[in-house]
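Q: Please take a close look at one part of this structure, the aromatic rings and what lies around them. I would like a connected account in plain words.

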Amino acid sequence: SAELIICIEDHCANDIPIPSGCKYEIRVDSTKFIVESESLTGKEILILAGKLPYERFQLNQKFKGGRVKKVSYDEVVDFTCPGVERFMTLPLDQTEG
């Protein structure tokens with residue numbers, strides 16, 4: 001049901017398939033966020049995590065087993081995909097002129 005909150009990280013750790021149509025708890029760095037949609041863009045995840053301006057950060061998606069993938073700003077991340085564990089942000093060095 002829509003009231004159900006699915007913890008992505010727990011499901012991933014226990015190899016439990018993630019159902020669609022629920023709320024999802026995602027972890028960005030050390031903070032957990034509840035999202036009400038099955039997918040967000042990289043930009044939306046950065047904004048959700050308060051990483052502003054988002055252009056100063058890179059978003060990485062960590063998969064079970066340790067694989068890490070860079071998520072571009074306009075890339076859609078589907079939380080129901082198997083193996084998604086959590087997200088990590090990386091400040092980009094902005095060297096001014």
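A: What follows goes through the ring pairs, then a strand that carries one of the rings, and then the cysteines.

The model is predicted. A search of the whole structure finds 3 aromatic pairs. One of them joins tyrosine 24 and phenylalanine 79, with 6.4 Å from centre to centre and 45 degrees between the planes, and this pair is tilted. Tyrosine 24 belongs to strand 2 (residues 23-28), while phenylalanine 79 sits in the loop between strand 7 (76-78) and strand 8 (84-91), so the pair ties together parts that are 55 residues apart in sequence. Tyrosine 24 and phenylalanine 79 are both buried.

Phenylalanine 79 also pairs with phenylalanine 87. Here the arrangement is edge-to-face, with 6.1 Å between the centres and 80 degrees between the planes. Phenylalanine 87 is buried, as is phenylalanine 79. Through these ring pairs, Tyr24, Phe79 and Phe87 are linked into a cluster.

Another ring has a charged residue over it. Arginine 67 lies over the face of phenylalanine 63, at 4.2 Å from the ring centre.

Now back to strand 2, the strand of tyrosine 24. Strand 2 pairs with strand 1 (residues 5-7) in the parallel sense, over 3 bridges. In this pairing, isoleucine 5 has lysine 23 of strand 2 as its bridge partner. Strand 2 also pairs with strand 3 (residues 31-35), this time in the antiparallel sense and over 5 bridges. Arginine 27 stands opposite lysine 32 in strand 3. Strand 2 and strand 3 form a hairpin with 2 residues between the strands, and in this hairpin aspartate 29 takes a positive phi near 55 degrees.

The last topic is the cysteines. A disulfide is a covalent bond between the sulfur atoms of two cysteines. The structure holds 0 disulfides. Cysteine 12 is in no disulfide, and the nearest cysteine sulfur, that of cysteine 7, is 9.8 Å away. The cut-off for a disulfide is a pair of cysteine sulfur atoms within 2.5 Å. Cysteine 12 is buried, with a relative accessible area of 5%. For cysteine 81, the closest cysteine sulfur is in cysteine 12, and at 11 Å that sulfur is too far for a bond. Cysteine 81 counts as partly exposed, at 35% relative accessibility.

How values were computed: Residues numbered from 1 in each chain as written. Predicted model: local features only at pLDDT ≥ 70, side-chain atom pairs only at ≥ 80, totals over all residues. Heavy atoms only, no water. Phe/Tyr/Trp six-rings, centres within 6.5 Å; stacked < 30°, edge-to-face > 60°. Helix = DSSP H or I, 4+ residues; strand = E, 2+ residues; numbered from the N terminus. Buried < 20%, exposed > 50% of the residue type's maximum accessible area, 1.4 Å probe, protein only. Lys NZ or Arg CZ within 6 Å of the ring centre and 35° of its normal. Pairing = 2+ DSSP bridges.
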